[in-house]
Every structure is written in C-alpha cells, then in structure tokens.
Amino acid sequence: MGHTSRPYTNALNRLKDANLRPTRQRLALARLLFDDGHRHVTAEQLHSEAMSNNIKVSLATVYNTLHQFTDARLLNEIVIDSGRSYFDTNTEPHYHFYCEEDGMLSDIPAGDVKIANIPNMPKGTELASVDLVFRLRRNQAAKDAA
C-alpha cells in the first residue's frame, strides 16, 4: 500500500532543515513556493496567490518571510532594479533571461554560459557567486507578429 505524505510535509521539512520555526504563515507560504517545482515570484505575486488561497497574510509578512527564506538559503533573490526583485526557488548555480516588456524571468542553465575571464578580486576577498541577468526586449518583427 502506497504512503501518501501529509500536505505540509515538504514545507515542514524544508523549514526544519533551515532551522526556521514552522509558523502557520511560514508553512503556508512555503507550500505555495516549493510544492510545484522551481519558480520565480515577486512578493506581490506571492501575496496575491496567498490571498486567493484564503491564506490571511499581510504583504509586509510576505516580504519578511521571503527575506528569512533567502537568509536561510531556501531562496535566491534576483534584483532586477531598485524597485523589482524576484525570489527564485532554484538555489543551484544558474543565470536568467529577463523580458523587460512582460517581466518574465526564466532560467539559463549554468553550463550554457561560459565566463571567459574573471578579474582579479581585491585583496582579502573571494568570489561568493556570479549573478548574471540577460535583459531582453522583443524585436520589431516579434512585435509586428503579435
């Protein structure tokens, strides 16, 4: 007979592994974030999704939780500009395409990008990570076809 895990098992295990207390709101947001594979989401998108799933949570709590998850390395924050950040559930090394017209962010596997030269870093520092976002816009032919 097959064993079906309880709905919050995945979210609960992720929070416990990250040493985060599994509050009701953290569990609910973790389920939305992690139960359906990798995704990119803004705080506003997650808040809207929570509200449509009858999860009562303020936008400030969503922001705080996303930053707690990022600090715990459950998410990566992708800063597009000073007013727009996405939170990425895929924490493996990879890069992104960002479409300026529609705000779509999509993954580029790390192996698809070759960085030929990394400059000498200041003394006493080491490379922690490389964030690379290719900003796209539709060309005129694509706009005409739409």
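A hairpin links strand 2 to strand 3 by way of 2 residues. Strands here, like helices, are runs assigned by DSSP and numbered from the N terminus: a strand (E) has at least two residues and a helix (H or I) at least four. Strand 2 covers residues 76-81 and strand 3 covers residues 84-88, and the two pair in the antiparallel sense over 5 bridges. Two strands are said to pair if DSSP finds at least two bridges between them. One of these bridges joins aspartate 81 to arginine 84 of strand 3.

A word on where this picture comes from: the model is predicted, so local features need pLDDT of at least 70 and side-chain atom pairs count only at pLDDT 80 or more, while totals for chains, interfaces and linings use all residues. Residues are numbered from 1 along each chain as its sequence is written, and side-chain values use heavy atoms, with hydrogens and water left out.

## Two open sheets

The hairpin belongs to an open sheet of 3 strands, in the order 1-3-2, with antiparallel pairing. Strand 1 (40-41) and strand 2 are at the edges, each with a single partner strand, so one side of each has no neighbour in the sheet. Strand 1 pairs with strand 3 in the antiparallel sense over 2 bridges, and valine 41 has phenylalanine 87 in strand 3 as its bridge partner. As general background, strands of a sheet pair through backbone hydrogen bonds, either parallel or antiparallel.

Another open sheet has 3 strands in the order 5-4-6, and here the pairing is mixed. Its edges are strand 5 (105-109) and strand 6 (133-136); each has a single partner strand, so one side of each is left without a neighbour in the sheet. From one strand to the next, the twist averages 25 degrees; for such angles, axes are lines fitted to C-alpha atoms (for helices, over the stretch in contact), and the angles run from 0 to 180 degrees between N-to-C directions. Strand 4 (residues 94-99) pairs with strand 5 in the antiparallel sense over 5 bridges. Within that pair, tyrosine 98 has leucine 105 in strand 5 as its bridge partner.

## An enclosed helix

Which residues of helix 2 are buried? They are Arg26, Leu27, Ala28, Leu29, Ala30, Leu32, Leu33 and Phe34. Buried means under 20% relative accessible area, exposed means over 50%, and partly exposed lies in between (1.4 Å probe, protein chains only). Helix 2 spans residues 24-34, and 8 of its 11 residues are buried, so the helix is largely enclosed by the rest of the structure. Its buried residues pack against helix 1 (9-17), strand 1, helix 3 and helix 4.

Phenylalanine 34 is a good residue to look at up close. It lies in helix 2 and counts as buried, at 7% relative accessibility. Apart from its neighbours within four places in sequence, phenylalanine 34 is in contact (heavy atoms within 4.5 Å) with Asn10, Arg14, Phe69, Leu74, Leu75 and Thr89. Phenylalanine 34 and leucine 74 are 40 residues apart in sequence, and their C-alpha atoms are 9.4 Å apart in space.

## Two loop residues with positive phi

Most residues other than glycine have a negative phi. Asparagine 54 and arginine 73 are worth finding in the loops, and the table sets them out.

| Residue | Phi | Loop | Relative accessibility |
|---|---|---|---|
| Asparagine 54 | near 60 degrees | between helix 3 (43-52) and helix 4 (59-71) | 61%, exposed |
| Arginine 73 | about 65 degrees | between helix 4 and strand 2 | 70%, exposed |

## The whole chain

Now step back to the full chain. The protein chain has 5 helices and 6 strands, and from the N terminus on its elements run α-α-β-α-α-β-β-β-β-β-α. Its C-alpha trace spans about 50 × 50 × 40 Å along the principal axes. Of its 146 residues, 29% count as buried. Among contacts with a separation of 6 or more, 43% come from residues 24 or more positions apart.

The accessible surface of the chain is about 10100 Å², and 49% of it belongs to carbon and sulfur atoms. These areas come from the Shrake-Rupley method with a 1.4 Å probe; for residues, only the protein chains shown count as cover.
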